[in-house]
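Visitor: Could you walk me through this one? I'm in my first year, so plain words please.

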Amino acid sequence: MSFRRLNRHHANLAAAHLDRAAANEAYPAALSSHASQNFHPETIAAQAGGVADSTTGGLVPPIHVASTFIRDADNQYRRGYCYGRADNATVRQVEGVLTDLEGGTATLLFGSGMAAATTALLSLQQPAHMVAPTAMYWGMRQWLTEEAPRHGLETTFVDASSPAALRAAVRPGRTRLVWVETPSNPLWTITDIAAAARVAHDAGALLAVDSTVSTPVLTRPLALGADLILHSATKYLNGHSDVVAGAIVFGEAGRAFEACARLRGTLGGVLGPFEAAQLLRGMRTLHVRVRHQSAAAMAIAQRFAGHPRIEQLLYPGLPSHPDHGVAARQMQGGFGGMLSMRLRGGETAAIAAAARMRVWRRATSLGGVESLVEHRASIEGPESPCPADLLRFSVGLENVDDLISDIEQAIGADHFEQSEA
Ligand SMILES: Cc1ncc(COP(=O)(O)O)c(C=O)c1O
């Protein structure tokens with residue numbers, strides 16, 4: 001997808017609010033597109049799609065802060081911009097890069113991953129039935145359970161690592177969306193995206209994939225048959241724990257895109273230009289970060305699998321993981337930077353081990369340059385299916401030996417002998 005075509009989609013959108021015929025006549029000058037020249041994703045990301053500022057030649061684009069735009073003398077908006085709640089030029093630049101990284105047709109950026117996800121779901125034709133995984137980001141599950149029914153959205157939760165369970169859960173003609181998250185937070189189960197796409201499409205539904213943990217570096221859901229991709233861009237895409245943002249990438253700029261873009265424009269969930277610029281900066285190093293974090297996570301998983309103080313180590317890169325075969329097929333170049341460990345000694349032992357960590361920082365979230373450890377059940381609450389003895393690890397960019405020795409000292413036999421005494 002070239003930036004020219006992307007800008008055309010946005011101009012068409014502006015036209016919905018303005019004058020469609022006039023907006024179709026002319027579009028903002030297209031940015032040079034690396035994707036249209038078949039450059040590799042690393043090249044697209046590192047050069048932010050090959051952008052250079054048309055006024056100064058700056059290789060870092062300016063931040064467009066205007067909230068309103070000049071109307072042409074004949075009452076049209078030929079430049080494709082009208083008002084900042086619909087979108088802005090900085091947001092469009094980042095959307096263009098992410099579209100090209102995912103091999104999509106259009107992207108919409110939002111003020112958070114949850115804003116992106118909920119806008120996509122609220123834009124479904126109501127009443128709607130959807131299928132979602134039992135193992136998924138807890139905030140999303142909570143919204144689907146507690147809020148979504150008030151908006152005419154009914155959800156059936158299933159084990160999405162089983163295509164048969166997905167097939168049994170869809171209601172042909174009534175299910176509008178199958179939502180999967182792979183790897184899923186915090187158990188890192190894997191959904192076979194191609195199989196899930198077949199199930200969704202056979203039932204007349206769309207498939208949406210939360211690919212936050214995989215990132216376009218490791219998985220390309222659209223190429224496997226998905227229709228929409230969700231990213232909490234707060235995580236790996238930005239990668240520095242200093243932006244909250246979300247994105248939906250569309251395989252086709254059809255009804256789903258139009259409905260979602262219209263709703264973003266009216267609900268006002270668009271990302272601000274400063275955050276968009278910060279996100280673009282983060283995305284330039286996406287590939288080196290994710291590859292390093294995946295390799296380090298694998299080294300940590302291999303070191304602690306079978307450790308006497310660990311009840312179970314959850315990482316899809318290990319051959320012992322039940323979904324390893326599917327993960328190996330649909331993830332390229334690594335299995336991601338997230339893993340979980342269930343500690344012998346239960347919740348008390350897990351919380352105590354996290355408290356002893358000196359390199360791993362005790363905090364929620366994931367995908368940043370600093371490694372994080374979290375006792376996940378504490379944040380998910382009593383309704384959560386997350387085991388109470390589970391610690392979730394987000395691997396950063398520190399020296400992997402420092403990370404391994406920190407876990408070793410935190411779960412080491414000495415502590416257990418003292419607490420067992
Ligand atoms: C897999 C996944 N999806 C979605 C979200 C929600 O994103 P945000 O916090 O940016 O709203 C999160 C947040 O932790 C997440 O981990």
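**A sheet, a ligand and some odd bonds**

Guide: Let's begin with a strand pair: β11 and strand β12 (residues 390-394) run antiparallel and are joined by 4 bridges. Helices (H or I, at least four residues) and strands (E, at least two) are DSSP runs, numbered from the N terminus, and two strands pair if DSSP finds at least two bridges between them.

Visitor: Is this a predicted model or not, and how are residues numbered?

Guide: This is a predicted model, where local features need pLDDT of at least 70, side-chain atom pairs count only at pLDDT 80 or more, and totals for chains, interfaces and linings use all residues. Residues are numbered from 1 along each chain as its sequence is written.

Visitor: Back to β11. Which residue stands opposite L391 in β12?

Guide: H375 does. On the other pairing, β11 and strand β10 (residues 361-362) are parallel over 2 bridges, and R361 stands opposite L372 in β11.

Visitor: Which way do the residues of β11 point, and are they buried or exposed?

Guide: In strand β11 (residues 372-375), L372 and E374 point one way, V373 and H375 the other way, and all are buried. A residue is buried if 20 or more other C-beta atoms lie within 10 Å of its own, exposed if 12 or fewer, and partly exposed in between; C-beta atoms are placed from the backbone.

Visitor: What's the strand order in the sheet?

Guide: The order is β8-β9-β12-β11-β10, an open sheet of 5 strands with mixed pairing. Its edge strands are β8 (310-314) and β10, and each pairs on one side only.

Visitor: And how many bridges join β9 to β12?

Guide: Strand β9 (residues 338-343) is joined to β12 by 5 bridges, and they run antiparallel. M338 stands opposite S394 in β12.

Visitor: New topic. What surrounds the ligand?

Guide: There are 15 residues around the ligand, and the closest are S112, G113, M114, Y137 and S232. A residue counts as near if its C-beta atom, placed from the backbone, lies within 6 Å of the molecule.

Visitor: Which elements give two or more residues to that shell?

Guide: Those are α5 (113-122) and α6 (138-146).

Visitor: How many of the shell residues are polar?

Guide: The shell has 8 polar, 5 nonpolar and 2 charged residues. Ala, Val, Leu, Ile, Met, Phe, Trp, Tyr, Cys and Pro count as nonpolar, Asp, Glu, Lys and Arg as charged, and the others, Gly among them, as polar.

Visitor: Okay, the odd bonds. Where are the cis peptide bonds you can show me?

Guide: One runs from Q126 to P127, with omega near -5°, and P127 is in the loop between α5 and β2 (128-133). A cis bond also joins T182 and P183, with omega about -10°; P183 lies in the loop between β4 (175-181) and α8 (193-202).

Visitor: Why point those out?

Guide: Most residues other than glycine have a negative phi, and most peptide bonds are trans.

Visitor: Which residues have a positive phi, then?

Guide: Among them are A48, with phi near 45°, and W188, with phi near 60°. A48 lies in the loop between α3 (41-46) and α4 (89-102), and W188 in the loop between β4 and α8.

Visitor: Is W188 buried or exposed?

Guide: W188 counts as buried because it has 26 C-beta neighbours inside 10 Å. A48 is buried too, with 21 other C-beta atoms within 10 Å.
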